[in-house]
Number of protein chains: 2
Amino acid sequence: MSTADRLIESTRELLWERGYVGTSPKAIQQRAGAGQGSMYHHFTGKPDLALAAIRRTAEEMCAKAEELLSAPGTAMDRVAAYLHRERDALKGCPIGRLTQDPDVMADPALRAPVDETLAWLRERLARVLEEGRERGELDAALDPRATAATIVATLQGAYVLARAAGSVRPFDQAITGVLGLLTAHVRPTE
Amino acid sequence: MSTADRLIESTRELLWERGYVGTSPKAIQQRAGAGQGSMYHHFTGKPDLALAAIRRTAEEMCAKAEELLSAPGTAMDRVAAYLHRERDALKGCPIGRLTQDPDVMADPALRAPVDETLAWLRERLARVLEEGRERGELDAALDPRATAATIVATLQGAYVLARAAGSVRPFDQAITGVLGLLTAHVRPTE
DNA sequence: GTCTATATCAGGATAGAC
DNA sequence: GTCTATCCTGATATAGAC
């Protein structure tokens, strides 16, 4: 892995663990095993490096979600697979957490990938639900867009609850709860 | 308002806007119109002041929730009232956001009120749902604890979506969505 | 490309005068 | 109780040598 890559990976980890405001160039360099000069040779500064890191994380996240949501199976199966996918609940969402970072939200360039990722995810889930409705798997009364927003929000909020509690328990409960609520909208197979 | 009170109020605002890591003693003092000496006279340092601020915010939040959740009406009415209560979605939750602050999570004293508030809220909502079930308002199949976790998570996550989008739209959709899902569990009145 | 030196400013606090 | 002076460290870079 090149030095530039190691710098990006270290930044990704630190942004996840400590956020943008809580991450210093020095900490990034140390974790990457790179010197100051090296970092400022490859990147113009902290925002530039953060942008590269955030973009990479955003892409990975969308790719992973797309894989699960475009798999074969009913809409409900795919949503459940997405929600049950392996996650480190206590670490939180590497994209969602940036939403609480004042300096990220203040910089349009840094904010854009965060906005786009979450918007894409809602949109993608809405399409899955819409498909389920069209196929008659799901109740016609179910609002795809609103429900998609609820699913993404539940996931994001479940991370918050897990971190507050220092336990995955409330995370699992929130996921169980939303899937339970959704189940009531699954139409019986003929 | 006393100087100590102004310091606490300024800290509450700044913690909400910028988080713990992003809030400096100097910024607190300036907003409160107090000098350094004044701040260090009333509080031992930033963590001490933050603790006072977080506790006050936590208490207010629980009091507000209790007011709405203990009001007369069906379980569904009260949950809806709580979810629809006036909120500045773009500002996020002043308690939930602390969950993303590494220094807050690392300090047991600062973390405790965050943990307790969110745990209490889940518990309180679970009781409301349980009551609804006992009264026959809600479907017996509904799991009160899991559903309560889902409701709190949806709210917390809805803030994340609103902030990412820079719009209250996804917040409203998430709330609409979860209430829609819940509605399917309301039993018809005899 | 990477290193070391240097610079500036902010964070977070202490000390002692008033 | 509040103010000012002072202190030390870390954040975020720039400059120039190697």
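Which residues in α9(A) meet which residues in α8(B)?

1. The model is predicted. On the chain A side of this contact, the residues of α9(A) are A:P170, A:Q173, A:A174, A:T176, A:G177, A:V178 and A:L181. Their partners in α8(B) are B:R145, B:A146, B:T147, B:A149, B:T150 and B:A153. By type, the residues of this contact divide into 7 nonpolar, 5 polar and 1 charged.

2. On geometry: two packed helices are described by the angle between their axes and the distance between the axes. Here helix α9 of chain A covers residues 169-183 and helix α8 of chain B covers residues 144-165. They pack at an angle of about 100°, and their axes are 7 Å apart. That angle makes α9(A) roughly perpendicular to α8(B), because angles of 65 to 115 degrees are placed in that class.

3. On the relation between the chains: two copies of a chain are related by a rotation about an axis and a shift along it. For this pair, a turn of 180° with a shift of 0.0 Å along the axis lays chain B on chain A, with an RMSD of 0.0 Å. That is the relation of a two-fold axis. Of the interface residues of chain B, 100% are also interface residues in chain A, so the copies meet through the same surface.

4. On the fold of the single chain: chain A has 9 helices and 0 strands. Along the sequence the pattern reads α-α-α-α-α-α-α-α-α. The C-alpha atoms of chain A fill a box of roughly 65 × 30 × 30 Å along the principal axes. Chain A has 190 residues, and buried residues make up 52% of them. Among contacts in chain A with a separation of 6 or more, 66% are between residues 24 or more positions apart.

5. One loop residue deserves a separate entry. A:E137 lies in the loop between α7 (108-134) and α8 (144-165) of chain A. Is A:E137 buried or exposed? Its relative accessible area is 19%, and A:E137 therefore counts as buried, the cut-off being under 20%.

6. On the surroundings of A:E137: its side chain makes a polar contact with the side chain of A:R135, at 3.1 Å. Apart from neighbours within four places in sequence, A:E137 is in contact with A:T74, A:A75 and A:M76. The list of contacts for A:E137 also includes A:G132, along with A:H185, A:V186 and A:R187.

How values were computed. Residues numbered from 1 in each chain as written. Chains lettered and ligands numbered in written order. Predicted model: local features only at pLDDT ≥ 70, side-chain atom pairs only at ≥ 80, totals over all residues. Heavy atoms only, no water. Axes fitted to C-alpha atoms, helices over the stretch in contact; angles between N-to-C directions. Helix = DSSP H or I, 4+ residues; strand = E, 2+ residues; numbered from the N terminus. Parallel < 35°, antiparallel > 145°, perpendicular 65-115°, else oblique. Contact = heavy atoms within 4.5 Å. Nonpolar A, V, L, I, M, F, W, Y, C, P; charged D, E, K, R; others polar. Least-squares fit on C-alpha atoms with pLDDT ≥ 70 in both. Buried < 20%, exposed > 50% of the residue type's maximum accessible area, 1.4 Å probe, protein only. Polar contact = N/O pair within 3.5 Å; in protein donor to acceptor, adjacent residues only side chain to side chain.
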